[in-house]
Amino acid sequence: MESAKDFFPGQIVFSKAGRDKGKAFVILAPAGDREVWIADGLGRTVEAPKRKKLKHLQGVNLPDNGVYSRLREGKKLENSHIREALRKYSREECQCPCSRCPCERQKEVR
């Protein structure tokens with residue numbers, strides 16, 4: 001079972017369950033013992049993050065330095081910072097208009 005100490009703010013995670021399965025997110029803050037607040041900068045913004053159970057997330061070992069340092073220093077975190085961090089984890093050859101890809105081409109489709 002996943003525990004809160006395995007996850008930390010600024011960490012990149014992938015959803016293992018739900019309609020957002022396979023999508024990358026950034027952890028913004030803990031939300032109790034077994035849940036965290038996550039955002040992707042597009043559908044789930046910093047202003048309206050998603051609450052997700054830890055057992056439904058798989059973490060990437062290293063945090064994104066930009067997002068992690070902003071959260072640690074208490075600086076304002078923008079949706080653009082999250083999108084930039086997650087762009088590294090998007091599919092190499094994106095064939096948008098998918099709704100699950102955090103790439104820039106998705107904005108053109110909307």
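The following questions and answers concern a predicted model of a protein.

Reader: How many helices and strands does the secondary structure of the protein come to, and in which order do the elements run?

Author: The secondary structure comprises three helices and five strands. Read from the N terminus, the order of these elements is β-β-β-β-β-α-α-α.

Reader: What share of the residues in the protein is buried?

Author: The protein has 110 residues, and a residue counts as buried when its relative accessible area is under 20%. Buried residues make up 36%.

Reader: Among contacts between residues at least 6 apart in sequence, what percentage joins residues at least 24 apart?

Author: The contacts considered here are those between residues at least 6 apart in sequence. Of these, the share that joins residues at least 24 apart is 47%.

Reader: Is K52 buried or exposed?

Author: K52 belongs to strand β4, which spans residues 50–53. Its relative accessibility is 6%, and the limit for a buried residue is under 20%. K52 therefore counts as buried.

Reader: Which residues does K52 contact, leaving aside its neighbours within four places in sequence?

Author: Two of the contacts of K52 can be described through polar side-chain pairs: one with S15 at 3.3 Å, and one with D20 at 3.0 Å. With neighbours within four places in sequence left aside, the list for K52 reads S15, A17, D20, R34, E35, V36, I38 and L57.

Reader: With which residue does K52 form a salt bridge?

Author: Side chains of opposite charge can pair when their charged atoms come close. For K52, the closest N and O atoms of the salt bridge are 3.0 Å apart. The partner lies in the loop between β1 (11–15) and β2, 32 residues away from K52 in sequence. That partner is D20.

Reader: Is D20 buried or exposed?

Author: The salt bridge of K52 and D20 links distant parts of the chain. D20 has a relative accessibility of 9%, to be set against the limit of under 20%. Because of this value, D20 counts as buried.

Reader: How many salt bridges are there in the count?

Author: The salt bridge of K52 with D20 is one of those in the model. Another joins R51 and E35, and E84 and R87 form one as well. The count comes to six salt bridges.

Reader: How far apart are the closest N and O atoms in the salt bridge of R51 with E35?

Author: R51 lies in strand β4 and E35 in strand β3 (residues 35–39), with their positions 16 residues apart in sequence. R51 is partly exposed, its relative accessible area being 44%. The closest N and O atoms of R51 and E35 are apart by 2.5 Å.

Reader: In which helix do E84 and R87 both lie?

Author: The salt bridge of E84 with R87 has its closest N and O atoms 2.4 Å apart. E84 is partly exposed at 44% relative accessible area, and R87 is partly exposed at 28%. The two residues are three residues apart, about one turn of the helix, and both lie in α2.

Reader: How do the buried residues of α2 fall, seen down the axis of the helix?

Author: In α2 the buried residues are N79, I82, R83, A85 and L86. Seen down the axis, they line one face of the helix, because they fall within an arc of 165°.

Reader: Which residues make up the largest nonpolar core?

Author: Both β2 (24–30) and α2 (79–87) supply at least two residues of this core. V67, one of its residues, is in contact with G10, V26, L77, H81, I82 and A85 once neighbours within four places in sequence are left aside. The core has 11 residues in all: I12, A24, V26, L28, A39, V60, V67, L77, I82, A85 and L86.

Reader: How many residues are in the second, separate core?

Author: This core is separate from the largest one, and it includes F25, V36, L54 and L57. Its residues come to eight.

Reader: Which residues form the aromatic pair?

Author: The count comes to one aromatic pair. Its rings are 6.0 Å apart centre to centre, and at 80° between the planes the pair is edge-to-face. One residue lies in the segment before β1 and the other in helix α1 (residues 65–73), so the pair ties together parts that are 60 residues apart in sequence. The pair is formed by F8 and Y68.

Technical notes: Residues numbered from 1 in each chain as written. Predicted model: local features only at pLDDT ≥ 70, side-chain atom pairs only at ≥ 80, totals over all residues. Heavy atoms only, no water. Helix = DSSP H or I, 4+ residues; strand = E, 2+ residues; numbered from the N terminus. Buried < 20%, exposed > 50% of the residue type's maximum accessible area, 1.4 Å probe, protein only. Polar contact = N/O pair within 3.5 Å; in protein donor to acceptor, adjacent residues only side chain to side chain. Contact = heavy atoms within 4.5 Å. Core = buried A, V, L, I, M, F, W, Y, C linked by side-chain atoms within 4.5 Å. Salt bridge = Lys/Arg side-chain N within 4 Å of Asp/Glu carboxyl O. Phe/Tyr/Trp six-rings, centres within 6.5 Å; stacked < 30°, edge-to-face > 60°. Arc of directions from axis to C-beta.
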